[in-house]
Every structure is written in structure tokens, then in C-alpha cells.
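Biologist: Before I plan anything at the bench, I would like to go through this model with you, one point at a time. Can we start by putting it on the screen?

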Amino acid sequence: MRELIFKIKWLKSLHTLFLLCAALSAIAAENRVRDAAARDQLTAAVREWAGRQLAVAPEQVEIPPLDARLRVPACMHPLRLEFPFATRDSVRASCENPLWQAYLRVVVSPPRVGIVTARALPAGHTLTTADLTTRSEEHTSELQSRGLIS
């Protein structure tokens, strides 16, 4: 009888330990998802800000992936963004509450420019330089967003 009671207590302890591990695993997974979302939000905010400061489209601002170990707590105040160095290739993002800061590298890529026809041309038309013009990537993105090109 004593042996049976011991086995029951042992199984209950094992069951409790299993439930605790499952709960901790779920919490850890939720934290990883939340941290990834916070890193994505930080990256987006820095991209928008740097684009405005450098007078380029945000799509031209590239930010290398942040270290997955970087924890970005929710900031209770607006983020403070600044270029901490004269080279303007890094942005310091800081928060007052809770107190933290992170440095993000920024790279500005030149806009892509392509050659397109200046107007609709009939089939068989021989192209001349007057038929062609250049369009920047921003213009192409605008046309795509309006559903005019794919």
C-alpha cells in the first residue's frame, strides 16, 4: 500500500512538472513573437525617420536584421531617434520609460531608375528616343499601388 501511495505522489509530481514545463514553453514562445514584433516596429520607425531626415523614400533605407537576442521593451514615451555620429550611417533609438537604447545601422540605396515608353505605342511601331522616358522606382511603386501595373 505504501508503495502505491508513493507511485501516485510521484505521478502527480511528474504531471505537475509537465504542466509547468508546457506553460513556461508557451510563455517563452509568446515572448519570442512579441520581441520579434517589437524589433519589426523599431526597424519600421527608424526606416521612416531616417528617410525623412535624409530626404529619401523609406524604401531606400535598408536596416540590416537586428540580433534576435535584442530585447525591445515597449516604450511608454515616443522613441527618441537621432544620428549619433557625423557619418549618419547609424541611428540611436532610445526610450526614457523604461530606459533603454539601441544602435541600428542604416544604408541608403539609390533609387532604381528604368526606361519606359512615354505613351502607349501601337504594335509594330519603330522606337525613337522621343518614345522613351525614365521612371524612378517610387513612380513604379505608386502605379503598382493604384493597380495600374503589376
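**Reading the model**

Biologist: Is Gly-51 buried or exposed, and what is its relative accessible area?
Modeller: Bear in mind throughout that this is a predicted model. Gly-51 lies in helix α1, which covers residues 2-54. Buried means under 20% relative accessible area. Gly-51 therefore counts as buried, and its value is 2%.

Biologist: Which residues does Gly-51 touch, leaving out those up to four places away in sequence?
Modeller: One partner can be approached through the backbone: the C-alpha atoms of Gly-51 and Val-61 are separated by 6.3 Å, with the two residues 10 apart along the chain. Contact is judged on heavy atoms, with a cut-off of 4.5 Å. By that test Gly-51 touches Val-56 and Val-61.

Biologist: How many disulfides does a search of the whole structure find, and which residues form a disulfide?
Modeller: The search of the whole structure gives one disulfide. Two cysteine sulfur atoms must lie within 2.5 Å to count. A sulfur-sulfur distance of 2.0 Å passes that test, and the pair is Cys-75 and Cys-95.

Biologist: Which parts of the chain does that pair tie together, and how many residues apart are they in sequence?
Modeller: The link between Cys-75 and Cys-95 is right-handed, with 100° about the S-S bond. Cys-75 sits in the loop between β1 (61-62) and β2 (80-82), while Cys-95 belongs to strand β3 (residues 90-96), so the disulfide ties together parts whose separation in sequence is 20 residues.

Biologist: Of these two cysteines, which one is buried?
Modeller: The cut-off for buried is under 20% relative accessible area. Cys-75 has 24% and is therefore partly exposed. With a relative accessible area of 2%, the buried one is Cys-95.

Biologist: Which residue in β4 stands opposite Cys-95?
Modeller: β3 pairs with strand β4 (residues 99-105) in the antiparallel sense, over seven bridges. The two strands are joined by a hairpin through two residues. Opposite Cys-95, in β4, stands Trp-100.

Biologist: How many residues of β3 are buried?
Modeller: On its β2 side, β3 runs antiparallel to that strand and is joined to it by three bridges. In that pairing, Arg-80 stands opposite Ser-94. β3 is mostly covered, and of its seven residues the number buried is five.

Biologist: Which residues are linked in a network of salt bridges?
Modeller: The structure holds four salt bridges. Glu-82 forms a salt bridge with Arg-80, the closest N and O atoms being 3.6 Å apart. Glu-82 also has one with Arg-92, at 2.6 Å between the closest N and O atoms, and this pair links distant parts of the chain, with Arg-92 in strand β3 and Glu-82 in strand β2, 10 residues apart. The network is made up of Arg-80, Glu-82 and Arg-92.

Biologist: What is the N to O distance in the salt bridge of Arg-69 and Asp-67?
Modeller: Arg-69 is exposed, with 70% relative accessible area. Asp-67, at 38%, counts as partly exposed. A salt bridge requires the nitrogen and the carboxyl oxygen to be within 4 Å. The side chains of Arg-69 and Asp-67 meet that requirement, with an N to O distance of 2.5 Å.

Biologist: Which side chain is joined to that of Ser-109 by a polar contact?
Modeller: Ser-109 is placed in the loop between β5 (107-108) and β6 (113-117). Its relative accessible area is 19%, so Ser-109 still counts as buried. Beyond four places in sequence, Ser-109 touches Gln-60 and Glu-62. The polar contact, 3.3 Å long, is with Glu-62.

Biologist: Which element gives the largest share of the largest nonpolar core?
Modeller: That core has 18 residues, and those touching the most other members are Leu-42, Val-46, Val-91, Leu-104 and Val-106. Two or more residues come from each of α1, β3 and β4. The largest share, five residues, is given by α1.

Biologist: Which residues does Leu-42 touch, not counting those up to four places away in sequence?
Modeller: In soluble globular proteins, nonpolar side chains tend to be buried together. Leu-42 is among the core members that touch the most others. Its contacts are Leu-66, Val-72, Leu-79, Ala-93, Trp-100 and Leu-104.

Terms used. Residues numbered from 1 in each chain as written. Predicted model: local features only at pLDDT ≥ 70, side-chain atom pairs only at ≥ 80, totals over all residues. Heavy atoms only, no water. Helix = DSSP H or I, 4+ residues; strand = E, 2+ residues; numbered from the N terminus. Buried < 20%, exposed > 50% of the residue type's maximum accessible area, 1.4 Å probe, protein only. Polar contact = N/O pair within 3.5 Å; in protein donor to acceptor, adjacent residues only side chain to side chain. Pairing = 2+ DSSP bridges. Core = buried A, V, L, I, M, F, W, Y, C linked by side-chain atoms within 4.5 Å.
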